Amino acid sequence: MTTAKIDEAIERYVSERKKSRRNVAETKFLSYSYLACGESDVAAFMRKSRSLIRYYIDFLTVLENPLHGPQAAWLALMAIVFSFGIYMLTNEDMLTAGIFVTSGTVVNGISLYRAVIDKWVETSITIALYRELIELIDNTLPSGVETSLR
């Protein structure tokens with residue numbers, strides 16, 4: 001059992017869950033885990049899957065959060081440039097440049113805002129699906145094994 005097999009099982013669950021209901025994705029995940037490692041190593045496979053999923057959740061929460069990344073800094077810069085464009089609109093000599101700066105900032109700012117929101121939604125959905133998978137693993141493992149994982 002390698003990390004690549006565990007990653008593949010996790011990604012299969014996430015992609016299947018995005019397409020169909022939870023029961024179908026859970027069944028396919030469990031059947032893949034039995035096929036990937038055999039019946040004797042399923043508990044070890046589940047433990048390693050759970051720890052890897054916890055790592056992915058922490059990684060997505062901290063490092064892949066678009067509201068704390070460079071996109072947020074670009075969005076703040078867009079707000080600053082927009083305010084400078086508004087200032088340029090108030091001056092007769094810089095009116096034409098102000099129109100171009102303000103309109104370009106509005107267009108690019110809206111596009112960047114949509115990209116940030118889309119990435120945030122996608123990250124939130126992925127984290128929710130990972131939490132579903134942890135719940136499935138906790139329900140599948142014997143009760144003594146899951147308490148030692150926390």
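In the predicted model, Tyr32 is located in helix α2. With a relative accessibility of 14%, Tyr32 counts as buried, because the cut-off for that class is under 20%. Apart from neighbours within four places in sequence, the contacts of Tyr32 are Lys5, Glu8, Ala9 and Arg12. Tyr32 and Thr2 are separated by 30 residues in sequence, and their C-alpha atoms are 14 Å apart in space.

Helix α2 covers residues 22–37 and packs against helix α3, residues 42–62. The angle between the two is about 120°, and the axes are 9 Å apart. The crossing of α2 and α3 is right-handed. On the α2 side, the contact is formed by Phe29, Leu30, Ser33, Tyr34, Ala36 and Cys37; on the α3 side, Val42, Phe45, Met46 and Ser49 take part. By residue class, the contact of α2 with α3 comprises eight nonpolar and two polar residues, with no charged residue.

The largest nonpolar core contains 26 residues. Those with the most contacts inside this core are Ile10, Phe29, Phe45, Ile53, Tyr130, Leu133 and Ile137. At least two residues of the core come from each of α1 (3–19), α2, α3 and α5 (95–140). Helix α3 gives the most, with eight residues. Phe29 and Phe45, listed among the core residues with the most contacts, also belong to the contact between α2 and α3.

Tyr130, likewise among the core residues with the most contacts, was examined for contacts beyond its neighbours within four places in sequence. Under that restriction, Tyr130 is in contact with Ile10, Glu11, Val14, Ile53, Tyr56, Ile57 and Leu60. Tyr130 is also part of a cluster, linked by ring pairs, that includes Tyr55, Tyr56 and Phe59.

Two further positions were considered in helices α1 and α3. Ile6 is placed in helix α1 and is buried, with a relative accessible area of 4%. Ile6 and Ile53 are 47 residues apart in sequence, while the distance between their C-alpha atoms is 9.5 Å. Arg50 is placed in helix α3. Its relative accessible area is 9%, so Arg50 is classed as buried under the 20% cut-off. Arg50 and Leu63 are 13 residues apart along the chain, with 20 Å between their C-alpha atoms.

For the aromatic side chains, the count comes to five ring pairs. In the pair of Tyr55 and Phe59, the ring centres are 6.4 Å apart and the planes lie at 25°. The pair is therefore stacked, as planes under 30 degrees apart are assigned to that class. Tyr55 and Phe59 are four residues apart in helix α3, a separation of about one helical turn. Phe59 is partly exposed, at a relative accessible area of 30%.

The rings of Phe84 and Tyr87 have centres 6.1 Å apart and planes at 35°, so this pair is tilted. Phe84 and Tyr87 are three residues apart in helix α4 (residues 70–90), which again corresponds to about one helical turn. Phe84 is partly exposed, with a relative accessible area of 43%. Tyr87 also counts as partly exposed, at 48% relative accessibility, because the exposed class requires over 50%.

Terms used: Residues numbered from 1 in each chain as written. Predicted model: local features only at pLDDT ≥ 70, side-chain atom pairs only at ≥ 80, totals over all residues. Heavy atoms only, no water. Axes fitted to C-alpha atoms, helices over the stretch in contact; angles between N-to-C directions. Left-handed = near helix turned anticlockwise from the far one by under 90°. Contact = heavy atoms within 4.5 Å. Nonpolar A, V, L, I, M, F, W, Y, C, P; charged D, E, K, R; others polar. Core = buried A, V, L, I, M, F, W, Y, C linked by side-chain atoms within 4.5 Å. Buried < 20%, exposed > 50% of the residue type's maximum accessible area, 1.4 Å probe, protein only. Phe/Tyr/Trp six-rings, centres within 6.5 Å; stacked < 30°, edge-to-face > 60°.
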